[in-house]
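Thanks for coming, everyone. Let's look at one protein together and walk through it piece by piece.

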Amino acid sequence: MPKTKTNKQKDGVEQLVAKAFAHPLRVQILIILNERVASPNLLAQELGQSLNLVAYHVRVLEKYDCIELVDTKQRRGATEHFYRATRRQFLSDAEWSRLPEVLRPGIYGAILKAMFQDIEEAANSGTLYELEDLHVSRTPMVVDEQGWNDVASLLSETLDRVLEIQAESSARLAKSSQPGLLSKVEMLHFKSPEEAAEAAAEDVTLSS
């Protein structure tokens with residue numbers, strides 16, 4: 001069956017996104033540029049990578065319209081370029097399904113690395129424990145397929161609401177002199193090894 005123009009456009013967008021996410025270093029760069037403006041030089045220092053390598057991946061992301069140039073500064077006779085993400089980078093279920101499986105571990109790894117760095121920085125600075133109503137939880141469960149799907153749907157809905165809250169807060173802050181509070185929401189839901197599941201099931205049986 002021939003593809004319609006709409007399907008072709010959709011495939012084109014998904015292919016661009018897939019290419020943008022096709023290297024874990026690009027994912028790390030996007031994570032940083034979603035939070036703040038930075039130059040390839042600053043990114044290279046933060047990521048512990050060579051400037052040439054980071055600059056290459058920055059050019060790729062700019063080519064696919066994932067980031068945009070927002071400022072330039074003269075540094076020691078050279079021009080330093082500063083970028084930010086053009087939109088919050090998420091892969092839809094359809095986009096994720098089109099990504100080659102060989103690329104997925106690298107993307108997961110880049111996101112997890114950023115999450116662990118977030119937590120470590122907050123712990124070392126003391127901000128992790130600064131507010132009394134912070135949320136930290138670890139909840140091992142034994143669920144059936146329906147239970148797994150229910151949790152996945154709930155977390156997806158929660159993320160949507162978190163983004164709504166971010167937008168609402170930004171609107172209020174724009175009208176106020178109140179400083180913003182930088183917070184980070186990290187969510188994980190994953191399958192544990194079978195041995196862990198069996199032990200958790202025994203715990204559930206013993207406690208019931």
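**A walk through the model**

Let me start with one pair. Glutamate 68 and arginine 84 join their side chains in a salt bridge, at 2.9 Å from N to O. Find them on your screen. Glutamate 68 is in strand 1, residues 67–75. Arginine 84 is in strand 2, residues 78–85. The two are 16 residues apart, so the pair links distant parts of the chain.

Are these two partners buried, exposed or in between? Glutamate 68 has a relative accessible area of 30%, so it counts as partly exposed. Arginine 84 comes out at 41%, and that also makes it partly exposed. The cut-offs matter here: buried means under 20%, exposed means over 50%, and partly exposed is what lies in between.

Now step back. This is a predicted model. How many helices and strands does the protein have? There are eight helices and two strands. Read from the N terminus, the order is α-α-α-α-β-β-α-α-α-α. The protein has 208 residues, and 22% of them count as buried. Take the contacts with a separation of 6 or more: 56% of them come from residues 24 or more positions apart. The protein exposes about 15,400 Å², and carbon and sulfur atoms supply 54% of that.

Next, confidence. The average pLDDT is 81, and 81% of the residues score at least 70. Which element has the lowest mean, and which the highest? Helix 1, residues 5–20, has the lowest, at 53. Helix 4, residues 51–63, has the highest, at 93. Look at the start of the chain too. Over residues 1–13 the pLDDT stays under 50, and the model has four contacts for them beyond four places in sequence. At residues 204–208 the pLDDT is below 50 as well, and that stretch has zero contacts beyond near neighbours in sequence. Where pLDDT is low, don't read the predicted coordinates in detail.

Back to salt bridges. The whole structure has six of them. One of the six joins arginine 36 and glutamate 46, with the closest N and O atoms 2.3 Å apart. Arginine 36 sits in the loop between helix 2 and helix 3, while glutamate 46 is in helix 3, so the pair ties together parts ten residues apart in sequence. Arginine 36 has a relative accessible area of 35%, which makes it partly exposed. Glutamate 46, at 43%, counts as partly exposed too.

Now go to helix 7. Glutamate 164 and arginine 161 both lie in this helix. They are three residues apart, about one turn of the helix. Their salt bridge has its closest N and O atoms 3.2 Å apart. Glutamate 164 is partly exposed at 42%. Arginine 161 is partly exposed at 38%. There is a third partner here: Arg161, Glu164 and Glu168 are linked in a network of salt bridges.

Next stop, serine 39. Where is it found? Serine 39 is in the loop between helix 2 (24–35) and helix 3 (40–47). Why does serine 39 count as buried? Its relative accessibility is 0%, and the cut-off for buried is under 20%. The side chain of serine 39 makes a polar contact with the side chain of glutamate 80, at 2.4 Å. Set aside the neighbours within four places in sequence, and serine 39 is in contact with Glu80, His81 and Phe82.

Follow the chain into helix 3, and you reach leucine 47. Leucine 47 counts as buried, at 13% relative accessibility. What does leucine 47 touch, not counting residues up to four places away in sequence? It touches Leu25, Gln28, Ile29 and Ile32. Take isoleucine 29 from that list. Isoleucine 29 and leucine 47 are 18 residues apart along the chain, and their C-alpha atoms are separated by 8.4 Å.

Last, the surface. Met141, Val143 and Trp148 form a nonpolar patch there. Together they have about 260 Å² of accessible area. Methionine 141 is in the loop between helix 6 (104–125) and helix 7 (145–174). With 45% relative accessibility, methionine 141 counts as partly exposed.

That's the tour. Over to you for questions.

How values were computed:
Residues numbered from 1 in each chain as written. Predicted model: local features only at pLDDT ≥ 70, side-chain atom pairs only at ≥ 80, totals over all residues. Heavy atoms only, no water. Helix = DSSP H or I, 4+ residues; strand = E, 2+ residues; numbered from the N terminus. Buried < 20%, exposed > 50% of the residue type's maximum accessible area, 1.4 Å probe, protein only. Polar contact = N/O pair within 3.5 Å; in protein donor to acceptor, adjacent residues only side chain to side chain. Contact = heavy atoms within 4.5 Å. pLDDT = per-residue confidence, 0-100. Patch = residues over 30% accessible without salt bridge, like charges linked within 9 Å, V, L, I, M, F, W, Y side chains within 5 Å. Areas by Shrake-Rupley, 256 points an atom, 1.4 Å probe, with all protein chains shown as cover. Salt bridge = Lys/Arg side-chain N within 4 Å of Asp/Glu carboxyl O.
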